[in-house]
Each structure stands twice: as structure tokens, then as C-alpha cells.
Amino acid sequence: MTNEIKTNNSDYAGELMNAYETAEFLHISYWHLMDLVRRKKIPHIRFSKRVFFRVASLEKFIDELEAGSVE
């Protein structure tokens, strides 16, 4: 098994990130991210009390936000 260094976001498309990693990925605060989760405004996966995010879902979410920002 080789250890590959992943260099772009598409390499992470199927991977899960925790809330701290996701906040950093989105360049927002952890608390703002958790507010979005609480209000069900961002795609997430809940395992018991822990919250995870899939990169592919976040990228699609960002694309939809961007598309909605122009007429």
C-alpha cells in the first residue's frame, strides 16, 4: 500500500470531514457552520452527536449557491 498525498479537493470527493475541518474548508467559523447545521441549511451526516460532511456534497452545495447568485 502506498501513501499518496492528495493535492486537490476532487481527491477528497468521497471522504468525510468533521465540523472543524469543514469550517476550515469553507473559510467560516465552526460556530457559524454549526448554526447552518442546526437550521438544516447545509448538507451533513449525523452519527449520534457527531456531525460529518462529504466533500462532494459541499462542492455541489457551493455550486448551487453560486448559480443562485446571478440572474
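Reader: Which loop does Lys40 lie in?
Author: This is a predicted model, so to speak a computed one: local features need pLDDT of at least 70, side-chain atom pairs count only at pLDDT 80 or more, and totals for chains, interfaces and linings use all residues. Residues are numbered from 1 along each chain as its sequence is written, and side-chain values use heavy atoms, with hydrogens and water left out. Helices and strands are DSSP runs numbered from the N terminus (H or I over at least four residues for a helix, E over at least two for a strand). In those terms, Lys40 sits in the loop between α2 and β2 (45-47).

Reader: And is Lys40 buried or exposed?
Author: Lys40 has a positive phi of about 55° although it is not a glycine. The labels go by relative accessible area, with a 1.4 Å probe and protein chains only: buried is under 20%, exposed over 50%, partly exposed in between. Lys40 comes out at 71%, so it counts as exposed.

Reader: Which residue in the loop between α1 and α2 has a positive phi?
Author: The residue in question has a phi near 60° and is not a glycine. At 73% relative accessibility it counts as exposed. Its place is in the loop between α1 and α2, and it is His27.

Reader: Let's zoom out. In what order do the elements run from the N terminus on?
Author: The protein chain has 3 helices and 3 strands. Read from the N terminus on, they run β-α-α-β-β-α.

Reader: How are α1 and α2 oriented to each other?
Author: Two packed helices are described by the angle between their axes and the distance between the axes. Here the angle is about 105° and the axes are 9 Å apart; axes are lines fitted to C-alpha atoms, for helices over the stretch in contact, and angles run from 0 to 180 degrees between N-to-C directions. Under 35 degrees counts as roughly parallel, over 145 as roughly antiparallel, 65 to 115 as roughly perpendicular and the rest as oblique. The two helices are therefore roughly perpendicular.

Reader: Which residues in α2 meet α1?
Author: Contact means heavy atoms within 4.5 Å. From α1, the partners are Ala19, Tyr20, Thr22, Ala23 and Leu26, and what they meet in α2 is Tyr30, Leu33 and Met34.

Reader: Which residues of the largest nonpolar core touch the most other members?
Author: A nonpolar core is a set of buried Ala, Val, Leu, Ile, Met, Phe, Trp, Tyr and Cys residues joined through side-chain atoms within 4.5 Å. The largest one has 13 residues, and those touching the most other members are Leu33, Val37, Ile42, Phe53 and Leu58.

Reader: Which elements supply at least two residues each to that core?
Author: Leu33, one of the members just named, has its place in α2. The elements that each supply at least two residues are α1 (19-26), α2 (30-38), β3 (50-54) and α3 (55-68).

Reader: What is the relative accessible area of Thr22?
Author: Thr22 is found in helix α1. Not counting residues up to four places away in sequence, Thr22 touches Met17, Leu33, Phe53 and Leu58. It is buried, with a relative accessible area of 0%.

Reader: How far apart in space are Arg50 and Ala19?
Author: Arg50 is found in strand β3. Leaving aside its neighbours within four places in sequence, Arg50 is in contact with Asn18 and Ile45. Arg50 and Ala19 are 31 residues apart in sequence, and their C-alpha to C-alpha distance is 8.5 Å.
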